Amino acid sequence: MTAYRVIESSGSNGSIQFAVDGDFSSSGNFVFITGSEHLGIGTATPDARLHVSGGTILGGSASDLHQVTGSAVFATGITGSLTQLPSGLPYLVAGNNVTIATGTNGQITISAASLGEGSGEILSEMSWMETPSGFIDGVNLVFTLSHSPSPTNSLMLYVNGVLQSQGLEKDYTISDNVVVMTSTPVAGSQIVATYSYQRSPLAGTRTSWMEVPSGVVDGINNIYTLMNAPHPSSALMLYYNGVLQSQGAGADYVISGGSSIITNFIPEIGSNILAMYPY
């Protein structure tokens, strides 16, 4: 037989108590509804909307679905077996930056990699006051950035300190990391660019400083090999006798196979070739 009583203790808002077989001698037999709108089962002092002291069972069928719309904290872990939801999906599904691993003892570990270096996430960075590669000779219209701006409209391109407009029938257009000016910059003009770009933290995080590419400078050879593949390839800064060379078909050199440089001219005997690039 179930009994209940309503009590009002000193300093409280009162509570409703239910007991099994009318036994109010043990708090373990109680169900409490407090004046603060907390429900306690097996405890006289519930600390939340629902506070259960003892074990609980949610559902008795594989088709039962229990949804937690707020946050859930499991102080001592989760026990039991994991099979599948009625839809066929597993109970635990890994996502971006989340790894789920099982041990030989059946223990499941869920870990999340932090954002940043080594996380596998794409990072957004800035290139500040960069000088695009390309001749400013009063003839050339094409200039190459070290990275592809992302988003494209983040590019702020200045010619002699004047911000240029991007788009058809404006000052310039851009495709990937190549800028095509509408009108030819006057020889000796200063061109600088500031923009946002994206990269993988696993690539382009190291730099080769003033590397001497392998290859004989004998007045015949025009193929040289870097120790690493530049990432991105457009970031390579190749110097011939101290002069920064431009990259691309019809320019000073092209990159083949990731780390091979093919110059569009024959370096003279004794010339100095240096390379600097991220990889």
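## Glutamine 245

Glutamine 245 is buried in this predicted model. Its relative accessibility is 10%, and the cut-off for buried is under 20%, so the residue falls in that class. Glutamine 245 sits in a loop. That loop runs between β18 (243-244) and β19 (253-256).

The side chain of glutamine 245 reaches back to the backbone oxygen of valine 243, at 2.9 Å. Beyond its neighbours within four places in sequence, glutamine 245 touches several other residues. On one side of it in sequence are Leu238, Tyr239 and Tyr240. Asp252, Tyr253 and Phe265 are also in contact with glutamine 245.

## The salt bridge

How many salt bridges does the structure hold? There is one. Arginine 49 pairs with glutamate 37, and their closest N and O atoms are 3.0 Å apart. Arginine 49 lies in the loop between β4 (39-41) and β5 (50-52), while glutamate 37 lies in the loop between β3 (30-34) and β4, so the bridge ties together parts that are twelve residues apart in sequence.

Are the two partners buried or exposed? Arginine 49 is exposed, with a relative accessible area of 59%. Glutamate 37 is exposed too, at 54% relative accessibility. The cut-off for exposed is over 50%, so both values place their residues in that class.

## Glycine 270

Glycine 270 belongs to the loop between β20 (260-263) and β21 (273-278). Glycine 270 is exposed, at 69% relative accessibility.

Asparagine 241 is 29 residues from glycine 270 along the chain. The C-alpha atoms of the two are separated by 9.5 Å.

## A nonpolar surface patch

Which residues make the nonpolar surface patch of about 210 Å²? They are Ile16, Phe18 and Ile33.

Phenylalanine 18 is in strand β2 (residues 15-20). Its relative accessibility is 30%, and phenylalanine 18 therefore counts as partly exposed.

## Aromatic pairs

Three aromatic pairs turn up in a search of the whole structure. Tyrosine 195 and tyrosine 197 form one such pair. Their ring centres are 6.2 Å apart. The planes meet at 55°, and the pair is classed as tilted. Tyrosine 195 and tyrosine 197 are both buried.

Conventions: Residues are numbered from 1 along each chain as its sequence is written. This is a predicted model: local features need pLDDT of at least 70, side-chain atom pairs count only at pLDDT 80 or more; totals for chains, interfaces and linings use all residues. Side-chain values use heavy atoms; hydrogens and water are left out. Helices (H or I, at least four residues) and strands (E, at least two) are DSSP runs, numbered from the N terminus. Buried means under 20% relative accessible area, exposed over 50%, partly exposed in between (1.4 Å probe, protein chains only). A polar contact is a pair of N or O atoms within 3.5 Å; within protein, one must be able to donate a hydrogen and the other to accept it, and residues adjacent in sequence count only if both atoms are side-chain atoms. Contact means heavy atoms within 4.5 Å. A salt bridge is a side-chain nitrogen of Lys or Arg within 4 Å of a carboxyl oxygen of Asp or Glu. Patches are made of residues with over 30% relative accessible area and no salt bridge: like charges are joined within 9 Å, nonpolar side chains (Val, Leu, Ile, Met, Phe, Trp, Tyr) within 5 Å. Accessible areas come from the Shrake-Rupley method with a 1.4 Å probe; for residues, only the protein chains shown count as cover. Rings of Phe, Tyr and Trp (its six-membered ring) pair if their centres lie within 6.5 Å; planes under 30 degrees apart count as stacked, over 60 as edge-to-face and the rest as tilted.
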